[in-house]
Amino acid sequence: MQIKKGEKKNMIDLYDKIKKEKKEKKDIKFNIIILLFFTLLLLLICSSAWFMGYHVRYSNFVNKLSKSIAYVNENDSLMVYTNEKILKLSEENFRGFNTYLTINGSGKETKKVPEGESILFDYGDGSLLELWDFPADKYSNRNGVFIQYTDPEGKIYSYISYKITYETVVTRYLLYDNLEITQ
């Protein structure tokens, strides 16, 4: 059986069409896989960069707070201002508060300062630490503490910690065995 020139061309076109369709399907799947891979890679890089930035900011906060604590230990300069009184913390309460604050670690970063009364810790070196009671929100079903630390250069670090409670700070470290300063 002999194939004429015109028929041969049609058969070649038919085979090319079949090969092209298979290749196009393969290319689409391959392109989707490559796109997903690079999307996941980009997501991993972005989340790692955010985490590293968060870790660096929190480490800076802890380092600067540690310097302020060391300054207080050397100069006995901490003053605590509540809405009712001015206190000079006992050494035991000061150690306990710092341990409570640092053991419970960081929390959710935020810049929005809550309304209401705060407790102000003036370390005497130009740094301030303020604490506000933070009501339960969509991230947690329990209260927390909004922590804002301002270092001596004026840089502000703000966190919401759900591991610390305002009531614990007040009852454990502020109500008993401290020297009350009269104005």
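This briefing describes the strands and two of the helices in the structure shown above. The model is a predicted one, and the description below follows its sheet first and its helices afterwards. Eight strands form an open sheet with antiparallel pairing, while the buried residues of helix α3 are covered by parts that include both strands and helix α2.

**The sheet**

- The strands of the open sheet follow the order β3-β7-β6-β5-β4-β1-β2-β8.
- At the edges stand β3, residues 108-109, and β8, residues 179-181, and each has a single partner strand, so one side of each is left without a neighbour in the sheet.
- Within the sheet, β4 and β5 run antiparallel and are joined by four bridges, and Leu-120 stands opposite Glu-130 of β5.

**Helix α2**

- Helix α2 has 13 residues and reaches 18 Å from its first C-alpha to its last, which is close to the 18 Å expected at 1.5 Å a residue.
- The buried residues of α2 are Asn-93, Phe-94, Gly-96, Phe-97, Asn-98, Tyr-100 and Leu-101.
- Just after this helix, Gly-105 takes a positive phi of about 65 degrees.

**Helix α3**

- In helix α3, which covers residues 166-174, the buried residues are Tyr-166, Thr-168, Val-169, Tyr-173 and Leu-174.
- Seen down the axis of α3, these buried residues fall within an arc of 155 degrees, so they line one face of the helix.
- An α-helix has 3.6 residues a turn, so residues three or four places apart point the same way.
- The cover over the buried residues of α3 includes α2 (91-103) together with the strands β1 (79-81), β2 (86-88), β4 (119-122), β5 (128-134) and β6 (144-150).

Technical notes:
Residues are numbered from 1 along each chain as its sequence is written. This is a predicted model: local features need pLDDT of at least 70, side-chain atom pairs count only at pLDDT 80 or more; totals for chains, interfaces and linings use all residues. Side-chain values use heavy atoms; hydrogens and water are left out. Buried means under 20% relative accessible area, exposed over 50%, partly exposed in between (1.4 Å probe, protein chains only). Helices (H or I, at least four residues) and strands (E, at least two) are DSSP runs, numbered from the N terminus. The arc is that of the directions from the helix axis to the C-beta atoms. Contact means heavy atoms within 4.5 Å. The expected span of a helix is 1.5 Å times one less than its number of residues. Two strands pair if DSSP finds at least two bridges between them.
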